[in-house]
Amino acid sequence: MAETVLTNPGQSTAQLEGWRGIAADWASDQRAFKNVSWGKAMMWIFLLSDTFIFSCFLLSYMTARMSTTVPWPNPSEVFALNIAGKHIPLILIAIMTFILISSSGTMAMAVNFGYRRDRVRTAILMLVTAAFGATFVGMQAFEWTKLIMEGVRPWGNPWGAAQFGASFFMITGFHGTHVTIGVIFLIAIARKVFRGDFDVERRGFFTSRKGYYEIVEITGLYWHFVDLVWVFIFAFFYLW
């Protein structure tokens with residue numbers, strides 16, 4: 001703990017316990033996380049809390065699915081599309097998954113170029129990532145519209161267990177909201193990178209120290225988390 005709370009000069013910092021030491025650390029001018037910036041630490045804490053929320057949603061969905069006595073709708077039929085007269089199962093979901101996973105690649109490259117201080121390539125790759133995300137959200141909106149027109153509601157659906165609609169709209173809607181927020185955040189940061197805000201230390205939201213592109217990495221952490229969550233949703237909701 002912080003030296004300011006030591007009662008004995010020879011007392012080891014490892015011996016201090018309790019709220020007094022915690023309060024002193026957080027009130028001091030030192031970083032509580034010695035080798036990690038506050039922005040990155042807070043993003044990790046946020047992602048950890050979000051992990052608990054998504055885990056609760058998926059566990060609730062699995063509990064409802066395994067406990068219902070009514071047959072669960074077959075995802076291969078529910079999420080199929082008729083293309084050129086052929087009934088193709090899960091084709092839209094496969095394309096959405098490919099787009100979102102590809103966006104992780106462009107985001108990783110944006111972070112790489114950000115730490116090289118190549119602002120033009122960083123901004124372009126962040127905008128490409130945002131375009132992938134916007135495409136994903138648009139396809140999800142099409143999926144929602146299709147299912148609503150076919151009679152899917154949070155309280156029922158034409159194919160089986162009534163819990164299907166509530167589970168689908170809750171999980172995919174919550175994830176889609178995260179993607180939408182990420183797209184907005186990507187566009188905002190890409191604009192600041194392209195203008196050179198981080199090179200001249202122009203004051204404003206999310207402007208860090210001069211020549212420091214850590215905010216790009218923090219944005220990448222959020223985006224990779226959103227992509228990872230979709231992998232679990234895809235596995236448990238669409239493939240199970």
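Colleague: Let me get the terms down: buried means under 20% relative accessible area, exposed means over 50%, and partly exposed is in between. Where does I101 fall, and what's its relative accessible area?

Modeller: I101 has a relative accessible area of 47%, so in this predicted model I101 is partly exposed, falling between the 20% and 50% cut-offs.

Colleague: Which helix is the place of I101 in?

Modeller: Helix α4, which covers residues 91-115.

Colleague: Which residues form the nonpolar patch on the surface with I101?

Modeller: I101 is joined there by L228, V231 and F232, and together the four have about 360 Å² of accessible area. Helix α8 (residues 214-238) gives the largest share of that patch, three residues.

Colleague: OK, zoom out for me. How many helices and strands does the chain come to?

Modeller: Eight helices and two strands. Starting at the N terminus, the elements go α-α-α-β-β-α-α-α-α-α.

Colleague: And how much of the chain counts as buried?

Modeller: 43% of its 240 residues.

Colleague: Which residues does UniProt cover with "transmembrane region"?

Modeller: The UniProt entry, an unreviewed one, puts that annotation on residues 41-62, 88-111, 123-142, 162-190 and 211-239.

Colleague: Take residues 41-62. How much of that span is helix, and how far apart are the end C-alpha atoms?

Modeller: That span is 100% helix and 0% strand, with its end C-alpha atoms 32 Å apart. For residues 88-111, the model has 88% helix and 8% strand, and there the end C-alpha atoms lie 37 Å apart.

Colleague: Switching to aromatics. How many aromatic pairs does a search of the whole structure find?

Modeller: It finds 23. One of them is F54 with F174: the centres are 5.0 Å apart and the planes are at 55°, a tilted pair. F54 belongs to helix α2 (residues 38-67) and F174 to helix α6 (residues 163-195), so this pair links parts of the chain 120 residues apart.

Colleague: Are those two buried or exposed?

Modeller: They come out differently under the cut-offs: F54 is buried at a relative accessible area of 5%, while F174 counts as partly exposed at 25%.

Colleague: How are the rings of W72 and F164 placed?

Modeller: Their centres are 5.9 Å apart and their planes are at 70°, which is why the pair counts as edge-to-face. W72 is in the loop between α2 and α3 (75-78), F164 is in helix α6, and 92 residues separate them along the chain.

Colleague: What's the relative accessibility of W72, and of F164?

Modeller: W72 has 14%, so it counts as buried. F164 has 0%, so it counts as buried too.

Colleague: What sits over the ring of W240?

Modeller: The charged end of R65, at 4.6 Å from the ring's centre.

Colleague: On to charges, then. How many salt bridges are in the whole structure?

Modeller: Six. Among them is E214 with K40, where the closest N and O atoms are 4.0 Å apart. E214 is in helix α8 and K40 is in helix α2, so this bridge ties together parts that are 174 residues apart in sequence.

Colleague: How does the accessibility look for E214 and K40?

Modeller: E214 is buried, with a relative accessible area of 10%, and K40 is buried as well, with 18%.

Colleague: Which residues are linked with K40 in a network of salt bridges?

Modeller: E214 and E217; the three are linked together in that network.

Colleague: What does R121 meet in a salt bridge?

Modeller: The side chain of D118, at 3.6 Å from N to O. R121 is partly exposed at 48% relative accessible area, and D118 is partly exposed at 23%.

Colleague: Last one: what does K146 form a salt bridge with?

Modeller: With E150, and the closest N and O atoms of the two are 3.0 Å apart. K146 has a relative accessible area of 19%, so it's buried under the 20% cut-off. E150 is partly exposed, at 35%.

Key. Residues are numbered from 1 along each chain as its sequence is written. This is a predicted model: local features need pLDDT of at least 70, side-chain atom pairs count only at pLDDT 80 or more; totals for chains, interfaces and linings use all residues. Side-chain values use heavy atoms; hydrogens and water are left out. Patches are made of residues with over 30% relative accessible area and no salt bridge: like charges are joined within 9 Å, nonpolar side chains (Val, Leu, Ile, Met, Phe, Trp, Tyr) within 5 Å. Accessible areas come from the Shrake-Rupley method with a 1.4 Å probe; for residues, only the protein chains shown count as cover. Helices (H or I, at least four residues) and strands (E, at least two) are DSSP runs, numbered from the N terminus. Buried means under 20% relative accessible area, exposed over 50%, partly exposed in between (1.4 Å probe, protein chains only). UniProt positions are given in the numbering used here, feature names are shortened, and annotations may be inferred rather than shown by experiment. Rings of Phe, Tyr and Trp (its six-membered ring) pair if their centres lie within 6.5 Å; planes under 30 degrees apart count as stacked, over 60 as edge-to-face and the rest as tilted. A charge sits over a ring if NZ of Lys or CZ of Arg is within 6 Å of the ring centre and within 35 degrees of the ring normal.
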